[in-house]
Protein chains: 2
Amino acid sequence: MQSRSQVPPIMSNCDLCVIRNHAICAALDAKELEALNAIGRTRSIVPGESLIWEGEDSVLVANVIEGVLKLSTNTEDGREQIVGVVYPSDFIGRPFGGTTGHGVTALTEAKVCVFSRRDFDAFAREHPALEHKLLERTLGELDRTRRWMLLLGRKSASERLASFLLEMAERLEGQGCAVDFDKPNQRRLTLPFSRQQIADVLGLTIETVSRQFTRLKQDGVIDLPSRRDVTILDFAALTAEAG
Amino acid sequence: MQSRSQVPPIMSNCDLCVIRNHAICAALDAKELEALNAIGRTRSIVPGESLIWEGEDSVLVANVIEGVLKLSTNTEDGREQIVGVVYPSDFIGRPFGGTTGHGVTALTEAKVCVFSRRDFDAFAREHPALEHKLLERTLGELDRTRRWMLLLGRKSASERLASFLLEMAERLEGQGCAVDFDKPNQRRLTLPFSRQQIADVLGLTIETVSRQFTRLKQDGVIDLPSRRDVTILDFAALTAEAG
DNA sequence: CGGCAATTTGACTATCCTCAACAGGGGTGG
DNA sequence: CCACCCCTGTTGAGGATAGTCAAATTGCCG
């Protein structure tokens with residue numbers, strides 16, 4: 001099912017990097033990129049492994065090369081809320097001081113390009129084009145986050161799950177997402193989330209999420225080939241459900 | 001020493017601006033500031049008046065000089081969620097393209113320094129120090145927004161109101177907020193929100209907000225001298241309630 | 001003093017949560 | 001290779017929290 005892309009033996013060269021032209025690095029020319037590369041290193045993460053912990057001083061930042069990671073916060077008594085999800089070419093971490101307000105944990109196998117925050121800060125301040133890219137990315141992330149607040153504050157469980165599936169379909173475009181050419185209006189997604197994690201994204205319980213899944217399936221809006229897979233059968237209906 | 005005769009008497013001069021050293025303008029020297037001033041103008045807004053509408057192309061950006069404004073989105077069927085609140089020296093609007101995902105509406109009498117987005121974009125790209133300030137501000141806003149997601153996704157009504165009041169106490173520090181020297185552990189706030197607006201911030205209904213207010217009052221945690229005023233009597237209890 | 005809008009209060013309901021039992025399926029060891 | 005087990009997810013019953021609808025009250029402003 002999965003196409004196994006050939007990974008170069010060592011990823012020290014940004015020219016070979018698949019996100020070279022999509023991440024903030026796109027702001028840099030070859031020479032600058034070399035300098036950035038000198039202060040960074042790639043790192044692999046397994047599902048469930050954390051890169052950054054909530055509340056710690058911001059010590060590192062990173063670019064996502066491969067995989068999906070969650071940003072999450074917890075209340076003192078253990079309730080969790082996922083406050084963001086990052087995909088390849090997204091930026092992770094809190095540059096320019098302060099503490100990280102949320103943990104960063106891999107949902108899938110992931111590969112990231114990490115930098116010491118201090119090094120990155122210094123580099124960024126010398127390269128306005130990089131800071132500009134970072135600003136654009138941050139503004140976009142803020143937009144997305146605010147849209148999510150409407151979901152958390154005002155939408156019902158069914159609207160939340162429908163919205164979630166639509167966003168997944170959009171975000172996974174060209175990745176785990178497959179279009180079946182026989183049925184062009186359908187789309188099959190492999191979710192990088194467990195049911196519990198979906199609940200933590202949507203501000204619901206796992207049981208409520210599960211019930212909404214089965215309801216959507218019974219209504220013929222989606223199909224559930226396996227635990228992690230969803231086939232969207234009726235996009236229009238799903239969009240209507242999203243509120 | 002210097003002849004002041006050439007300085008225009010009108011308020012076109014940023015030197016007189018109260019937020020001069022707090023807003024992103026702080027990144028600029030006198031000459032740059034003059035250039036920025038040339039493309040901006042101040043504008044007064046009355047409560048309820050909108051500066052930006054949800055979904056429109058981003059045509060203007062602004063700095064808040066005075067007052068409080070809300071950022072809000074609505075579902076198609078009219079439910080509202082306030083996704084942000086801005087105070088003096090905060091930045092408003094969506095630079096660098098795209099559409100505004102949320103409306104911007106004054107909660108109090110307000111004064112803002114507005115710029116055409118195109119002019120501002122061009123100016124910003126020529127002044128990396130300004131973009132850096134804007135980046136820091138945007139990162140901070142993203143942190144704050146994500147913290148709010150935990151509240152919307154995982155907290156109960158009483159926890160939400162308690163968290164809200166604590167954030168208000170912090171944000172209104174030195175403004176409408178007064179410390180009574182007889183009772184140093186108390187603090188009186190004049191909220192810039194109606195009950196409905198508080199409900200729209202917290203993702204609750206006006207009735208639920210009202211009930212939580214009266215409960216906190218009955219428990220002796222707060223007092224409600226008038227509709228818009230809150231006196232926090234027991235900070236520790238309120239913090240405990242905030243979860 | 002009256003009118004009006006905002007807020008509070010009350011009664012009832014719905015949605016979602018909690019607790020609990022059950023099912024399924026993927027991996028492991030016999 | 002198959003049986004078993006454990007983890008994840010599903011289903012069910014009952015309860016609690018917050019929402020809805022309606023009425024009463026407050027306080028602000030002319």
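This note sets out numbered points on the nonpolar cores, the cysteines and the surroundings of one DNA strand.

1. Basis. The model is predicted, so local features require pLDDT of at least 70 and side-chain atom pairs count only at pLDDT 80 or more, while totals for chains, interfaces and linings use all residues. Residues are numbered from 1 along each chain as its sequence is written, chains are lettered from A and ligands numbered from 1 in the order in which they are written, and side-chain values use heavy atoms, with hydrogens and water left out.

2. Largest core. A nonpolar core is here a set of buried Ala, Val, Leu, Ile, Met, Phe, Trp, Tyr and Cys residues joined through side-chain atoms within 4.5 Å; buried means under 20% relative accessible area (1.4 Å probe, protein chains only). The largest such core holds 104 residues, and F164(A) and F164(B) touch the most other members. Leaving aside residues up to four places away in sequence, F164(A) touches W148(A), L191(A), F193(A), I198(A), V201(A) and L202(A), contact being heavy atoms within 4.5 Å. Another core, of 44 residues, lies apart from it and includes C17(A), C14(B), I65(B) and A124(B).

3. Cysteines. Zero disulfides are found over all chains, a disulfide being a pair of cysteine sulfur atoms within 2.5 Å. For C17(A), which is in no disulfide, the nearest cysteine sulfur is that of C14(A), 6.3 Å away. C17(A) is buried, with a relative accessible area of 16%. C25(A) is likewise in no disulfide, and its nearest cysteine sulfur, that of C14(A), is 6.3 Å away. C25(A) is buried, at a relative accessible area of 12%.

4. Surface near DNA strand D. The strand is surrounded by 17 residues, a residue being near if one of its heavy atoms lies within 4 Å. The closest are S210(A), T214(A), A157(B), T208(B) and R227(B). Of the atoms of DNA strand D that come within 4 Å of the protein, sugar and phosphate account for 63%. The surface residues divide into two nonpolar, eight polar and seven charged.

5. Polar contacts with DNA strand D. These are pairs of N or O atoms within 3.5 Å. An N or O atom in the side chain of S210(A) is 2.8 Å from a phosphate oxygen of the strand, and a polar side-chain atom of T214(A) lies 3.4 Å from a phosphate oxygen. R227(B), by contrast, has a side-chain N or O atom 2.5 Å from a base oxygen.

How values were computed. Buried means under 20% relative accessible area, exposed over 50%, partly exposed in between (1.4 Å probe, protein chains only). A polar contact is a pair of N or O atoms within 3.5 Å; within protein, one must be able to donate a hydrogen and the other to accept it, and residues adjacent in sequence count only if both atoms are side-chain atoms. Ala, Val, Leu, Ile, Met, Phe, Trp, Tyr, Cys and Pro count as nonpolar, Asp, Glu, Lys and Arg as charged, and the others, Gly among them, as polar.
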